[in-house]
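Q: Hi! Could you walk me through this structure, starting with the surface beside one of the DNA strands?

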2 protein chains.
Amino acid sequence: MPSIRKPPTMADVARMAGVSPMTVSRAFKRDTSVSQETREAVRRATEELGYVFDSTASNLRSQRTDFVAVTIPSINNANFADTVRALSDGLSDKGLQVLLGYTNYDVREEERLIEQLLRRKPEAIVVTGGKHTSRARKLLSNAGIPVIETWDLPEDPIGHVVGFSNALAVREMIDHFVTVGYRKVAFIGGDADRDTRGSDRRAGFITAMEDHGLDATRLIAAGPPPISMREGANAMGRLLEHFPDTEAVICVSDLSAFGALTECQRRGIAVPDQIAIGGFGDYEIGAICVPSLTTINAFAAEIGAKTAQLILDVLDGSLSDSAGVITIRPDLILRQTSR
Amino acid sequence: MPSIRKPPTMADVARMAGVSPMTVSRAFKRDTSVSQETREAVRRATEELGYVFDSTASNLRSQRTDFVAVTIPSINNANFADTVRALSDGLSDKGLQVLLGYTNYDVREEERLIEQLLRRKPEAIVVTGGKHTSRARKLLSNAGIPVIETWDLPEDPIGHVVGFSNALAVREMIDHFVTVGYRKVAFIGGDADRDTRGSDRRAGFITAMEDHGLDATRLIAAGPPPISMREGANAMGRLLEHFPDTEAVICVSDLSAFGALTECQRRGIAVPDQIAIGGFGDYEIGAICVPSLTTINAFAAEIGAKTAQLILDVLDGSLSDSAGVITIRPDLILRQTSR
DNA sequence: TTGAAAGCGCTAACAA
DNA sequence: TTGTTAGCGCTTTCAA
């Protein structure tokens, strides 16, 4: 019978256990000096009353929420999910809980989200990417908590950074493609301003191609993020029509790359013999599809794990909160869709 | 220069704006009667001081957190991500924020998570699945907030339900397979107790096959969830070795089904001519891979949207909090991997 | 190891 | 439209 009376408080538990509320409070924490019998009495009273600890009161009085706020562009992206999972796992041992929000790849939305999250008084905040509205930057700078930007190497970091250069990662793939003889190389995606990591990859493609003295104008738009497999397939269709002599194409992610691959299969175009394909992100699909996908591993889980460790170090004072940049080095993974 | 002074409170804003704290409080809400000039004065003072509203105090005093707690098995699953996104979108208009946690497909972990979430005093709690530890059931029943179980049709619901029968969904696919002439049908996955939806699908396979008078023992284990594409491929390998005359196979999800498909491609086995494949969940990959995948659309986003609407209705009193079951009807999607 | 007093920063309730 | 008072349920602080 769910009672309609108001729920029991710590004072009710204290009364039933025959101790003071302060003792009950202590009994709920580890590492506090409470006698074994008292602990047991409190446990019994808690059980009997169906008491549930009220974090909201604890949060206010102790000025601690044990939240770590996290923003990601999309909840439905295996790369970001890997980062959040590793981050969450790394924090949960220490009693910290991730408070997650997504921005839908929109810096205005990100600004709203950051404000909403900061009102919850998190212990630290992790954002994806290094491009923000000026108001969002100000909010983050003034929040008085550790700020970590990830999945990017911002020119002017707000606080800490755990990330990598999207442009350099793509350059590495191009260097390889040129080495093995591809000259007419195209790029799919990264045309939308909103997709900052995507445009960084596209910009990296252009400068790297130009540095090789190659034509960097085989650019196919895939529209605003998130770029689906279907959009990758459509873009590949356009590429094959506009630039039929293309020898290799780099896609903004493995998802669009897989879509592109399927479009070739539907059109009877041999991969990699007629056209090579490269992806980005090392999603599971790239490892298992036939032919398997050449891609770049950005170590999504490692980003999350290192971010968690950084937060724990800063919060427990073993690391000063002065800005530091942890650089991840993406790995080129050669598979069957390219030489 | 991030100051080391303690951050400003509403009282500081009130002083600077020349009003009472209560007026500042009102100015921060919509739909409260505050004069235009006062609002503007408060806004300026807020800006000037860099004041950030403190939800923790508000939460305690008003006994409202505007959190909706949500548990999902894994953060890295497109089906659950779709549900959470739709849920989150449906709630955010009304100022409700999702507080997300994942159980790693483990009811013990779910119990811990539920307790942790309830301490945050959410307005409602949404859980994935209908199987819980008895303590978790008790916690949910006594929480005094709306409880919604999703992605399942529990025998003994705790509160509300927005879900479907996993067993019946699989039965529908089998009925079709039998109609078009497949007799030797196998099932991959659902062997682990932990994967309750997976085992329901497997159980549905067995009873449906038996009802057709067919052999229901072509069962291939894929191990504990989450079942990856790779594990689906491995399971397909074992199926082809143990039961080489199998005519069709149903996989516990589209991910394992795609893995199974790739295994056939690697072995030069024609799909669907030599073996048909069915998946579950209508993931994007199934629509775009070649050949495209016959599957079951469980309407993940619709589950989230209907759950959001249900919560809003219950919270604003337009729907009584007596238990109700909203049944989703999964759709069989016939594509190229089967007749 | 335990307890008493005070207060975290808001907002419900009431009043003007 | 605005203000006053009190208090949400914990935990900090100090004391025993």
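Q: What kinds of residues make up the surface near DNA strand D?
A: That surface divides into nine nonpolar, 10 polar and seven charged residues. Here Ala, Val, Leu, Ile, Met, Phe, Trp, Tyr, Cys and Pro count as nonpolar, Asp, Glu, Lys and Arg as charged, and the others, Gly among them, as polar.

Q: Before we go on, what sort of model is this, and how do the labels work?
A: This is a predicted model, where local features need pLDDT of at least 70, side-chain atom pairs count only at pLDDT 80 or more, and totals for chains, interfaces and linings use all residues. Residues are numbered from 1 along each chain as its sequence is written, chains are lettered from A and ligands numbered from 1 in the order in which they are written, and side-chain values use heavy atoms, with hydrogens and water left out.

Q: OK, which residues come nearest to strand D?
A: Out of 26 residues around DNA strand D, the nearest are A:Ser25, B:Thr23, B:Arg26, B:Ser33 and B:Arg61. A residue is near a strand if one of its heavy atoms lies within 4 Å of it. Sugar and phosphate make up 59% of the atoms of DNA strand D that come within 4 Å of the protein.

Q: Which phosphate contacts can I look at there?
A: Try B:Thr38, where an N or O atom of the side chain is 2.5 Å from a phosphate oxygen of DNA strand D. For A:Met10, a backbone N or O atom lies 3.0 Å from a phosphate oxygen of that strand. These are polar contacts, meaning a pair of N or O atoms within 3.5 Å.

Q: Which element gives the most to that surface?
A: H4(A), with four residues. Helices are DSSP runs (H or I, at least four residues), numbered from the N terminus.

Q: Switching to strand C: which residues are closest?
A: Among the 26 residues surrounding DNA strand C, the closest are A:Thr23, A:Ser33, A:Thr38, A:Arg61 and B:Ser25. A polar side-chain atom of B:Lys29 lies 2.9 Å from a phosphate oxygen of DNA strand C. For A:Ser33, the distance from a polar side-chain atom to a phosphate oxygen of this strand is 3.3 Å.

Q: And which element gives the most here?
A: On the surface near DNA strand C, that is H4(B), with four residues.

Q: How are chains A and B related?
A: A rotation of 180° with 0.0 Å of shift along its axis superposes chain A on chain B, with an RMSD of 0.1 Å, by least squares on the C-alpha atoms of residues with pLDDT of at least 70 in both. The two copies are thus related as by a two-fold rotation axis.

How values were computed:
Polar contact = N/O pair within 3.5 Å; in protein donor to acceptor, adjacent residues only side chain to side chain. Helix = DSSP H or I, 4+ residues; strand = E, 2+ residues; numbered from the N terminus.
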